[in-house]
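Open your viewer and get ready for a short walk through this chain. At each stop you will find something to select and a note on what is there.

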Amino acid sequence: MREEYDIQNLNPRKNPYAAQLKRQITINIDGSTIDYFKAQSEMVGIPYQTLINLYLRDCAANKRQLNLSWQ
(Lines give C-alpha, C1' and ligand atoms only; values in the text may rest on other atoms or scores of the structure.)
Protein backbone atom coordinates (compact mmCIF):
# COMPACT_ATOMS: atom_id res chain seq x y z
CA MET A 1 0.00 0.00 0.00
CA ARG A 2 1.26 3.47 -0.81
CA GLU A 3 2.02 5.91 1.92
CA GLU A 4 0.38 8.74 -0.04
CA TYR A 5 -2.13 8.88 -2.87
CA ASP A 6 -2.47 11.67 -5.40
CA ILE A 7 -6.17 12.46 -5.02
CA GLN A 8 -6.07 15.18 -7.70
CA ASN A 9 -5.17 12.67 -10.44
CA LEU A 10 -7.71 10.01 -9.55
CA ASN A 11 -10.52 9.43 -12.03
CA PRO A 12 -13.62 10.07 -9.92
CA ARG A 13 -16.81 8.35 -11.06
CA LYS A 14 -20.34 9.32 -10.29
CA ASN A 15 -22.21 6.97 -8.02
CA PRO A 16 -24.43 4.84 -10.30
CA TYR A 17 -26.90 4.37 -7.46
CA ALA A 18 -27.23 8.07 -6.61
CA ALA A 19 -30.51 8.38 -8.53
CA GLN A 20 -32.02 5.65 -6.35
CA LEU A 21 -31.20 7.24 -3.00
CA LYS A 22 -34.09 7.25 -0.60
CA ARG A 23 -35.28 10.04 1.65
CA GLN A 24 -36.76 9.42 5.05
CA ILE A 25 -40.21 10.93 5.54
CA THR A 26 -42.99 10.70 8.08
CA ILE A 27 -46.32 9.46 6.77
CA ASN A 28 -49.53 8.44 8.53
CA ILE A 29 -50.93 5.13 7.24
CA ASP A 30 -53.92 3.24 8.62
CA GLY A 31 -53.14 0.25 10.81
CA SER A 32 -55.12 -2.07 8.55
CA THR A 33 -53.05 -0.93 5.56
CA ILE A 34 -49.81 -1.60 7.43
CA ASP A 35 -51.14 -5.02 8.48
CA TYR A 36 -51.96 -5.82 4.84
CA PHE A 37 -48.45 -4.94 3.64
CA LYS A 38 -46.86 -6.78 6.57
CA ALA A 39 -48.81 -9.92 5.66
CA GLN A 40 -47.80 -9.54 2.01
CA SER A 41 -44.18 -9.01 3.02
CA GLU A 42 -44.14 -12.24 5.03
CA MET A 43 -45.44 -14.17 2.03
CA VAL A 44 -42.83 -12.82 -0.39
CA GLY A 45 -39.95 -12.38 2.06
CA ILE A 46 -39.44 -8.64 1.51
CA PRO A 47 -39.56 -6.07 4.34
CA TYR A 48 -42.93 -4.31 4.36
CA GLN A 49 -41.43 -0.82 3.96
CA THR A 50 -39.57 -2.00 0.86
CA LEU A 51 -42.78 -3.55 -0.44
CA ILE A 52 -44.69 -0.29 0.05
CA ASN A 53 -41.88 1.59 -1.71
CA LEU A 54 -41.95 -0.85 -4.65
CA TYR A 55 -45.72 -0.45 -4.95
CA LEU A 56 -45.55 3.35 -4.88
CA ARG A 57 -42.62 3.36 -7.33
CA ASP A 58 -44.67 1.20 -9.73
CA CYS A 59 -47.59 3.62 -9.46
CA ALA A 60 -45.33 6.59 -10.19
CA ALA A 61 -43.49 4.86 -13.05
CA ASN A 62 -46.75 3.89 -14.75
CA LYS A 63 -48.33 7.28 -14.02
CA ARG A 64 -51.36 5.71 -12.39
CA GLN A 65 -54.14 8.18 -11.65
CA LEU A 66 -56.32 7.97 -8.57
CA ASN A 67 -59.95 7.17 -9.17
CA LEU A 68 -61.83 8.40 -6.12
CA SER A 69 -65.57 8.55 -5.80
CA TRP A 70 -67.41 9.46 -2.62
CA GLN A 71 -70.70 7.71 -2.00
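Which element supplies the largest share of the lining of the largest pocket? Keep that in mind while you get your bearings; note too that this is a predicted model.

**Stop 1: the whole chain.** Show the chain as a cartoon and look for two helices; there are zero strands. The radius of gyration is 21 Å, well over the 11 Å that the globule rule gives for 71 residues, so the chain is more spread out than a compact globule. Turn the C-alpha trace along its principal axes and you will see it span about 70 × 30 × 25 Å.

**Stop 2: the surface.** Switch on the accessible surface, which comes to about 7,800 Å². Carbon and sulfur atoms account for 51% of that area. Of the 71 residues, 8% count as buried. Now colour by charge: the chain has 9 positive and 7 negative charges, and the mean positions of the two sets are 10 Å apart.

**Stop 3: the largest pocket.** Rolling a probe the size of a water molecule over the atoms shows where empty space is left. In this chain, the largest pocket holds about 700 Å³ of space. Its lining is made up of 18 residues; select I25, I27, Q49, I52 and N53 to see those closest to its centre. Next, colour α1 (31-44) and α2, which each supply at least two residues of the lining. Here is the answer to the opening question: α2 gives the largest share, seven residues.

**Stop 4: Q49.** Stay at the pocket and pick out Q49, one of the residues closest to its centre. Q49 is part of helix α2, which runs over residues 48-61. Is Q49 buried or exposed? The cut-off for exposed is over 50% relative accessible area, and Q49 counts as exposed because its relative accessibility is 57%. Then draw a distance from the C-alpha of Q49 to that of I34: the two atoms are separated by 9.1 Å, with the residues 15 apart along the chain.

**Stop 5: K63.** Finally, move along to the segment after α2, where you will find K63. Check the backbone first. Most residues other than glycine have a negative phi. K63 has a positive value, near 50 degrees, and is a residue other than glycine. Show its side chain as well: K63 is exposed, with a relative accessible area of 65%.

How values were computed
Residues are numbered from 1 along each chain as its sequence is written. This is a predicted model: local features need pLDDT of at least 70, side-chain atom pairs count only at pLDDT 80 or more; totals for chains, interfaces and linings use all residues. Side-chain values use heavy atoms; hydrogens and water are left out. Helices (H or I, at least four residues) and strands (E, at least two) are DSSP runs, numbered from the N terminus. The radius of gyration is taken over C-alpha atoms; the globule rule is 2.2 Å times the number of residues to the power 0.38. Buried means under 20% relative accessible area, exposed over 50%, partly exposed in between (1.4 Å probe, protein chains only). Accessible areas come from the Shrake-Rupley method with a 1.4 Å probe; for residues, only the protein chains shown count as cover. Lys and Arg count as positive and Asp and Glu as negative; His and the chain ends are not counted. The place of a charge is taken as NZ of Lys, CZ of Arg, CG of Asp or CD of Glu. On a 1 Å grid over the protein atoms alone, a cavity is a set of points where a 1.4 Å probe fits but cannot get out, and a pocket is an open set with protein on both sides within 12 Å along at least five of seven lines; lining residues have an atom within 4 Å of a point. Grid points are joined across faces, edges and corners, and a volume is the space filled by probe spheres set on the points.
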